[in-house]
Amino acid sequence: MKRKIWIICTTAALLLALPLALLAWGFALPAQYGETFLGELKHKVRLLEETPGPRIVLVGGSGVAFGADSELMERELPGYTVVNFGMYAALGTTVMLDLSQPLLREGDIVLLIPEQQEQALSGWFDPAVMWQGLDGAFQLLSALPGDKLERLAGAFPAFAGRKFGCYMQGEPPRSQGVYRRDSFNGHGDVSSALCAQNEMPGGFDASTPIRFGPDLVRLEFAGRVREYAQAARAAGAVLWYAPCPMNAAAVEGAEDMDGFYAALQEALGLPLAGDPRDFILEPGWFYDTNFHPNTAGKTVYTRALVRAVKAMLGDSSPTDIPLPEMPPLAGEEAGEGDNSDSGCFVCQERDGVLTVTGLTGVGLGRTALTVPALWEGRPVAAIAPGAFAGAEGLREVTIQPGVRTIADGAFAGCAALERVVLQSDRPSACRVGRGLLEGTGAVICVPREALSAYRTDYFWSVYGGSIQPLDGQADR
């Protein structure tokens, strides 16, 4: 009987101690995500708090962070200071509305510039990603509504556990390439020499087509924008909608554009700044997504945005922003690596890129496959939707560094898939969407030295909980 009482008391003590430990790990430990791309979030809020007015505030996702040159805007629009309040579409556009709304002031011009995709035009919110942005600035929780706080509460234990693991290892998450906090300048723009040219296979990301369907704007998003517009008016500010930078090669259904923007203005109750066609740019002006201009493309997009704002203000002055020379597209990389399974794959050229589109009969019967570096002498650079369809017994896929795009649905129907092995130590070199693992229970295995980089990468961070070290050792 005494033993039973001891067990009950010990269990109760542990159950009480665990929540306290999680709270301590999450809130009391030093910030661990400060140098990542999301580590910029709190600095953008502080910038908006401290910047004197009147201001032009650019609210949106990473498309506006990459796309706007705030100094050029200030030069062409004297009398205004510019704050780039664009961050990361995975956070959700409404988060940027929540955080900026209390900081609006009289005379502000707010430009709402979400990416032209369903997620950005909805009430989407990712609490796991948000915790990384909140790390070290938990006072920002007070700006968020109750429904987001509830979802954050559900995601808190995983965040606290991960943060504790980073702290104990003495290895705060570090990102590679441009997706770092130090890539932002003092205006909140992404400003990096790394964004020199288009690095996408074929010049665009086929996994994120740009569409203009009438049902693209969600009701919850429209309602939140109307609330924000009302708050802006009460503060003496105005809210306009402006198109984001859009890669012309990714645009589908351009004939629907006029109808879409007419419906958008009606749903949001906002005026549209500029002609959307002026913001659809050739692939050579983009960097690594269909919404991220490269350095030269930033100038082209900013020029169009300045002209749109001037038209709204009735300013007929000329815009003195010369067009730069368009950078060339990146060429194919040499396809060195393991080609022993090349006979298991079917590849086709799509938009100038050699793409895995299916498996041969031999491939369909395999339990493990390595995507070849070369197929019939050419580098394999992409994997199409449904590429592994029918491989019901497939348990492991190895993807070599030459693959630069994996489409959503690539592993659809692969219910037995357990591991997707990525050999590259550069996560930003391969683009993925949010549906990479749909229909599978697989984990993603990466080189241990790149583990932190994958978990904080712009493209891969949404899979943070499924990313494990390749060496098979337990992740602390």
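The following exchange introduces a predicted model through questions and answers.

Colleague: On what basis are the values given?

Modeller: This is a predicted model, in which local features need pLDDT of at least 70 and side-chain atom pairs count only at pLDDT 80 or more, while totals for chains, interfaces and linings use all residues. Residues are numbered from 1 along each chain as its sequence is written, and side-chain values use heavy atoms, with hydrogens and water left out.

Colleague: How many residues does helix 8 have, and what distance does it reach from its first C-alpha to its last?

Modeller: Helices (H or I, at least four residues) and strands (E, at least two) are DSSP runs, numbered from the N terminus. Helix 8 covers residues 219–234. The expected span of a helix is 1.5 Å times one less than its number of residues, and for helix 8 that expectation is 22 Å. Helix 8 has 16 residues and, close to that expectation, reaches 23 Å.

Colleague: Within what arc do the buried residues of helix 8 fall?

Modeller: Buried means under 20% relative accessible area, exposed over 50%, and partly exposed in between (1.4 Å probe, protein chains only). By this definition Phe221, Ala222, Arg224, Val225, Tyr228, Ala229 and Ala232 are the buried residues of helix 8. They line one face of the helix, because the arc, taken from the directions from the helix axis to the C-beta atoms, is 165 degrees.

Colleague: Which exposed residues does the opposite face of helix 8 carry, the one turned away from its buried side?

Modeller: An α-helix has 3.6 residues a turn, so residues three or four places apart point the same way. On the buried side, helix 8 packs against strand 1 (55–60), helix 5 (93–100), strand 3 (109–113), strand 4 (238–241) and helix 9 (257–268). The face turned away from that side carries the exposed residues Leu219, Gln230, Arg233 and Ala234.

Colleague: How many residues of helix 5 are buried?

Modeller: Helix 5 is among the elements that the buried residues of helix 8 pack against, and it also helps to cover the buried residues of helix 2. Helix 5 is itself mostly covered, and its buried residues include Thr93, Met96, Asp98 and Ser100. The count of buried residues in helix 5 is 8 of 8.

Colleague: On which side of helix 2 do its buried residues lie, and within what arc?

Modeller: In helix 2 (residues 41–50), the buried residues are Leu41, Lys42, Lys44, Val45 and Leu48. They are on the same side of helix 2, because they cover an arc of only 160 degrees.

Colleague: What is the relative accessibility of Ile113?

Modeller: Ile113 lies in strand 3. Contact means heavy atoms within 4.5 Å; leaving aside neighbours within four places in sequence, Ile113 is in contact with residues including Leu58, Val64, Ala242 and Tyr301. The C-alpha atoms of Ile113 and Leu58 are separated by 6.9 Å, although the two residues are 55 apart along the chain. Ile113 counts as buried, with a relative accessibility of 1%.

Colleague: Which backbone oxygen does the side chain of Tyr301 reach, and at what distance?

Modeller: Tyr301 belongs to helix 10 and is buried, with a relative accessible area of 0%. A polar contact is a pair of N or O atoms within 3.5 Å; within protein, one must be able to donate a hydrogen and the other to accept it, and residues adjacent in sequence count only if both atoms are side-chain atoms. The side chain of Tyr301 reaches the backbone oxygen of Pro243 at 2.8 Å.

Colleague: Which helix gives the most to the largest nonpolar core?

Modeller: A nonpolar core is a set of buried Ala, Val, Leu, Ile, Met, Phe, Trp, Tyr and Cys residues joined through side-chain atoms within 4.5 Å. The largest has 141 residues, of which Phe388, Ile406, Phe411 and Trp460 touch the most other members. With 8 residues, the helix that gives the most to this core is helix 10.

Colleague: How many disulfides does a search of the whole structure find?

Modeller: A disulfide is a pair of cysteine sulfur atoms within 2.5 Å. The search of the whole structure finds a total of 0. For Cys347, the nearest cysteine sulfur, that of Cys344, is 11 Å away.

Colleague: Is Glu376 buried or exposed?

Modeller: Glu376 lies in the loop between strand 10 (374–375) and strand 11 (378–379). Although Glu376 is not a glycine, its phi is positive, about 55 degrees. At 67% relative accessibility, Glu376 counts as exposed.
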